[in-house]
Structure formats: C-alpha cells, structure tokens
Amino acid sequence: MTIDEARSLLHEWIEAESLRHHCEMVSVAMTAYAEKLGKDEAEAFDWKLAGLLHDLDWEKEPDAHPNHALDHVFPKTDLSESVTEAIRAHAPERTGKQPETEIERYLYACDELSGFMHAVSLMRPDGFGGMKAKSVTKKLKDKKFAANVSREDIKRGAELIDTELNEHILFLAGVFEKNT
Ligand SMILES: [Fe+2]
Ligand SMILES: [Fe+2]
C-alpha cells in the first residue's frame with residue numbers, strides 16, 4: 001500500500017475532518033518516533049501507516065472499532081502483520097490484545113496523548129508553538145478539560161515506551177509544531 005492509497009482508504013472511511021486530522025497527527029507522531037529510534041525506511045513506513053489507519057472504522061463502526069477493520073478491511077490489503085497487530089493493540093479493552101512489540105507500544109502511547117495535545121493547542125494563540133510540558137500536564141489535572149480523554153491511558157502509554165511523560169509531551173509538541 002502506498003501512502004496515497006492509505007489516504008484514499010482513510011478518506012473513503014472517514015468523512016469528519018477532525019477525525020482525519022487526528023489520524024494524520026498520530027501518523028506524524030509515529031513517523032517521528034520511528035526516525036528517533038533509527039528504524040529503516042520500510043519499518044518507518046509501517047509506523048506511519050499504523051498511525052494513519054488506526055481509527056479507520058471509528059466513524060462508520062463505532063461499536064465494532066477496531067475489530068471491524070481488522071476482520072473485514074485490512075485482510076483485503078497488503079498491510080503487514082506488525083501494522084494490523086499494532087492497530088489491534090491500540091484498543092486492548094475492545095480486542096483483548098495488549099500492546100507488546102515496539103510499534104504496538106508506541107502507537108498506544110501516541111494515540112490518546114496526540115488527541116489531548118490537539119485539544120490543548122486549540123486553547124493557545126500559538127497552537128503548538130512554545131508549548132511546554134507543563135501547558136499539557138496542567139490541563140491533564142483539570143478533569144473537566146477534554147473529559148473524554150483517558151488520563152490513565154496517557155499515563156500508561158508513557159510507561160509502555162519507558163519515557164517520562166514530560167519528555168514524551170515535549171518531543172511530540174516539537175513534532176506537531178513542525179508538522180501540523
Ligand atoms: Fe481507536
Ligand atoms: Fe485514535
């Protein structure tokens with residue numbers, strides 16, 4: 001699958017601009033981490049695809065997400081098993097699969113936090129510009145802010161990639177500042 005094919009699949013399944021944007025953000029985050037970790041081109045491309053396609057069926061099949069895509073959409077593509085398993089593991093409570101491999105752990109770690117940081121960026125005149133870890137952690141403590149985002153998942157994500165939450169936030173803020 002080329003990136004253009006992945007994007008047209010995404011657009012076929014998702015109409016909402018906000019959800020498309022979320023998928024692009026997670027893809028950018030995954031690409032940046034793949035680079036940081038020195039992954040080769042083929043592996044980095046898998047990381048990018050995992051980010052881009054992880055919520056493919058969320059809009060059309062919210063109750064069956066992500067199992068619908070895993071059972072009925074991805075098998076018709078040439079996506080590698082590492083990508084589909086990462087997508088399976090981003091929603092352990094729905095699939096029964098916990099994040100274990102590196103791509104699985106990083107996808108889990110980037111998903112909720114990207115959504116939360118996007119919400120924080122919308123409250124700031126400069127968006128991601130000059131965003132500090134504290135701008136985000138302060139909002140994490142405000143339970144009413146982006147209340148649908150699980151603080152537990154964000155905390156667990158940072159633990160899974162063995163990174164201080166502040167460091168994870170700061171890295172992504174730099175990435176999003178340049179790429180969104
Ligand atoms: Fe999801
Ligand atoms: Fe997501």
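Reader: Why is cysteine 23 called buried?

Author: In this predicted model, cysteine 23 has a relative accessibility of 0%. Buried means under 20%, so cysteine 23 counts as buried.

Reader: How do you know that cysteine 23 is in no disulfide?

Author: The nearest cysteine sulfur, that of cysteine 110, is 13 Å away. A disulfide needs two cysteine sulfur atoms within 2.5 Å, and a search of the whole structure finds 0 disulfides. Cysteine 110 is likewise in no disulfide, with the sulfur of cysteine 23 as its nearest, 13 Å away.

Reader: What makes cysteine 110 count as buried?

Author: Its relative accessibility is 0%. The limit for buried is under 20%, so cysteine 110 meets it.

Reader: Which residues are the protein donors of the iron ion (ligand 2), and how do you know that they are donors?

Author: They are His22 (NE2), His54 (NE2), Asp55 (OD) and Asp111 (OD). These atoms lie 2.2 Å from the iron ion (ligand 2), and a donor has to be within 2.8 Å of the metal, so they qualify. Along the chain, their spacing is H-x31-H-D-x55-D.

Reader: Why is the arrangement around the iron ion (ligand 2) called irregular?

Author: The 4 donor atoms subtend angles of 85 to 177°. A tetrahedral label requires all angles to lie between 85 and 135 degrees; the upper value of 177° breaks that condition, and the arrangement is classed as irregular. For reference, the ideal angle for four tetrahedral donors is 109.5 degrees. Water is not among the atoms, so sites may look incomplete.

Reader: Which distant parts of the chain does the site of the iron ion (ligand 2) link?

Author: Histidine 22 belongs to helix 2 (residues 17-36) and aspartate 111 to helix 7 (residues 102-122), and the two are 89 residues apart.

Reader: Are histidine 22 and aspartate 111 buried or exposed?

Author: Histidine 22 has 15% relative accessibility and aspartate 111 has 8%. With buried set at under 20%, histidine 22 counts as buried, and so does aspartate 111.

Reader: What coordinates the iron ion (ligand 1)?

Author: Asp55 (OD), His65 (NE2) and His90 (NE2) do, at 2.1 to 2.3 Å. The limit is again 2.8 Å. The donors follow the spacing D-x9-H-x24-H. Aspartate 55 and histidine 65 both sit in the loop between helix 3 (41-53) and helix 4 (67-73), 10 residues apart. Aspartate 55 is buried, as is histidine 65.

Reader: Which residue bridges the iron ion (ligand 1) and the iron ion (ligand 2)?

Author: Aspartate 55 coordinates both, and the two ions are 4.0 Å apart.

Reader: Which residues of helix 1 are buried, and what puts them on the same side?

Author: The buried residues of helix 1 (residues 3-13) are Ala6, Leu9, Leu10 and Trp13. They cover an arc of only 100° around the axis, which places them on the same side of helix 1. The face turned away from this buried side carries the exposed residues Asp4 and Glu12. Helix 2, helix 3 and helix 4 are among what covers the buried residues of helix 1.

Reader: Why does threonine 31 count as buried or exposed?

Author: Threonine 31, in helix 2, has a relative accessible area of 18%. Buried means under 20%, so threonine 31 is buried.

Reader: Where does the backbone oxygen of serine 27 lie with respect to the side chain of threonine 31?

Author: It lies 2.7 Å from a polar atom of that side chain. The cut-off for a polar contact is 3.5 Å.

Terms used:
Residues numbered from 1 in each chain as written. Chains lettered and ligands numbered in written order. Predicted model: local features only at pLDDT ≥ 70, side-chain atom pairs only at ≥ 80, totals over all residues. Heavy atoms only, no water. Buried < 20%, exposed > 50% of the residue type's maximum accessible area, 1.4 Å probe, protein only. Donors = N, O, S within 2.8 Å, 3.2 Å for Na, K, Ca; no water. Helix = DSSP H or I, 4+ residues; strand = E, 2+ residues; numbered from the N terminus. Tetrahedral: all angles 85-135°; square planar, octahedral: opposite > 155°, others 65-115°. Arc of directions from axis to C-beta. Contact = heavy atoms within 4.5 Å. Polar contact = N/O pair within 3.5 Å; in protein donor to acceptor, adjacent residues only side chain to side chain.
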